[in-house]
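Subject: Handing over the structure

Hello,

I am passing the structure on to you with this email, and I would like you to keep it open while you read. My notes on what was found in it come after the structure itself.

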Amino acid sequence: MRRIDLTKTQAARSSTIRDINRQFVLNYIRDREPISRAEIARSTELQRSTVSTIVEELKEGGLIEEIGAGASTGGRRPTLLRLRAAGATAVGVDITPSSTTIVTSDLVGRVLTCERFLNSPRPEELAAQVIERLREIAAREHQGVIAGVGVSLPGLVDTGKGRAIYIPYFRWRDWPIAEEIERATGLKARVDNDANAAALAELWFGRAEVSEARDFIITLVAEGIGTGIVFDGQIYRGERGAAGEFGHMIVAQNAPVACSCGNRDCWEAFASERAAVARYVNNSGVRLGEGGAVAFGEVVERALGGEQAAVDALTETAHYLGIGISNLIVGLSPEAVVVGGQITRAWPIIAPSLEETIQRSIRRGLPSARIVASTLGEPTMMGAISLVLASKFGLAEA
């Protein structure tokens, strides 16, 4: 049973109850669409008049739409409802160490537009690039329909204030990105760490065995290593958003690359995309394209094509990935661990090494966890969208 923090509670007013019922009906339509008003009333045990009032409010707010009549059970055929599928509802900004992706999506999470550009090394210039594009989107779309902007960042984030506390790859500190976006565009902005955003995306869009799990961890393999933790169906952020920084736990010595913190004994230095690229270059002597993400994609392609040096580089990286994941399983005992990032494209290659390391590391008698590849092609991008949609649907994660 979760303890209630009495310092953060208040008595329910009639408006609070209406808001709860509104979110209840909206989420019910999302989960069961297409569905009729009568079916919602029967299943939720809300009065039909209450359901009808809420449905009209949701229609006027552009959240749901009528799509025609369903099958009759006697009498007039019922009108069916579903989430509004047309038009942009959310804007997602996914900032990685090398590039930024800005997308718009509808209420269902379908990506409508996508733009990607290389980052400026100066935060004020990158902020100006992002804001310029957000202004264009706000002008192009009906601003009242766009619910807000979600921003995914590769660093420590104060989600309450919408500030980046520290982004190690850029050495940026105390960046008030949400305030800058809101002041420039008038759109509400929500900001979170990239791994937390990816975990929220798994809750929102992931496969059922993950989204329905109460406790799971996502390990995001990119230019660094990030972990998002879900306890009891909610993102666990810890004090000042610092939970999940497992990329800096010590797993060995003399890594093929330095961690973003400068050390060569961190999990990130052994299991990141950069580590896999360094192994491949050392094994083959072949130099790849500029930029970690591009180079790693080439390693994956070569491994899938059967090149042994690439296969060996990914297999060794998976071994160290498994060491870190086994530590998470022993310490936190989740139901599942999700692996996200480009590395999942090579899942048939890395899964045996990954799972063998984990099984060997988990002591007999201790529970293990399901190890699954994320089904989200770009989990941090979908995470940025999820920050907006979770708020729209009234989930606590927003």
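Let me begin with one strand and work outwards: strand β12 is joined by five bridges to strand β15 (residues 336–340), and these two strands run parallel. You can find this pairing by looking for T219, which stands opposite V339 in β15. Please keep in mind throughout that this is a predicted model.

Strand β12 also has strand β13 (residues 225–231) as a partner, and here six bridges join the two strands, which run antiparallel. In this pairing I218 stands opposite G228 in β13, and the two strands form a hairpin with three residues between them.

Is strand β12 largely enclosed by the rest of the structure or left open? Strand β12 covers residues 216–221, and because six of its six residues are buried, it is largely enclosed by the rest of the structure. If you follow the side chains along β12, you will see that F216, I218 and L220 point one way, whereas I217, T219 and V221 point the other way, and that all of them are buried.

Strand β11 (residues 189–193) can be read in a similar manner: four of its five residues are buried, so this strand, too, is largely enclosed by the rest of the structure. Its pairing with strand β7 (residues 148–153) is in the parallel sense and extends over five bridges, and a useful place to look is S152, which stands opposite D192 in β11.

Another part of the chain holds an open sheet, in which three strands follow the order β1-β3-β2 with antiparallel pairing. Its edge strands are β1 (35–36) and β2 (64–69), each of which pairs on one side only. Between β2 and strand β3 (residues 79–83), which run antiparallel, there are four bridges, and A69 is found opposite T79 in β3.

For a residue in a helix, you might turn to V281, whose place is in helix α9 (residues 273–284). Leaving aside residues up to four places away in sequence, V281 touches V286 and R287. As an exercise in judging distances, you could also locate T159, which is 122 residues from V281 along the chain, and check that the C-alpha atoms of these two residues are separated by 39 Å.

Finally, here is the chain as a whole, which has 13 helices and 16 strands. Its C-alpha atoms fill a box of roughly 75 × 55 × 50 Å, taken along the principal axes. A compact globule of 398 residues would have a radius of gyration near 21 Å, and the chain has 23 Å, which agrees.

How much of the chain is buried? Buried residues make up 49% of the 398 residues, while the area that the chain exposes is about 18,700 Å², of which carbon and sulfur atoms supply 48%. If you consider the contacts between residues at least 6 apart in sequence, 59% of them join residues at least 24 apart. As for charge, the chain has 44 positive and 48 negative charges, and the mean positions of these two groups are 4 Å apart.

With best wishes

Methods. Residues are numbered from 1 along each chain as its sequence is written. This is a predicted model: local features need pLDDT of at least 70, side-chain atom pairs count only at pLDDT 80 or more; totals for chains, interfaces and linings use all residues. Side-chain values use heavy atoms; hydrogens and water are left out. The radius of gyration is taken over C-alpha atoms; the globule rule is 2.2 Å times the number of residues to the power 0.38. Buried means under 20% relative accessible area, exposed over 50%, partly exposed in between (1.4 Å probe, protein chains only). Contact means heavy atoms within 4.5 Å. Accessible areas come from the Shrake-Rupley method with a 1.4 Å probe; for residues, only the protein chains shown count as cover. Lys and Arg count as positive and Asp and Glu as negative; His and the chain ends are not counted. The place of a charge is taken as NZ of Lys, CZ of Arg, CG of Asp or CD of Glu. Two strands pair if DSSP finds at least two bridges between them.
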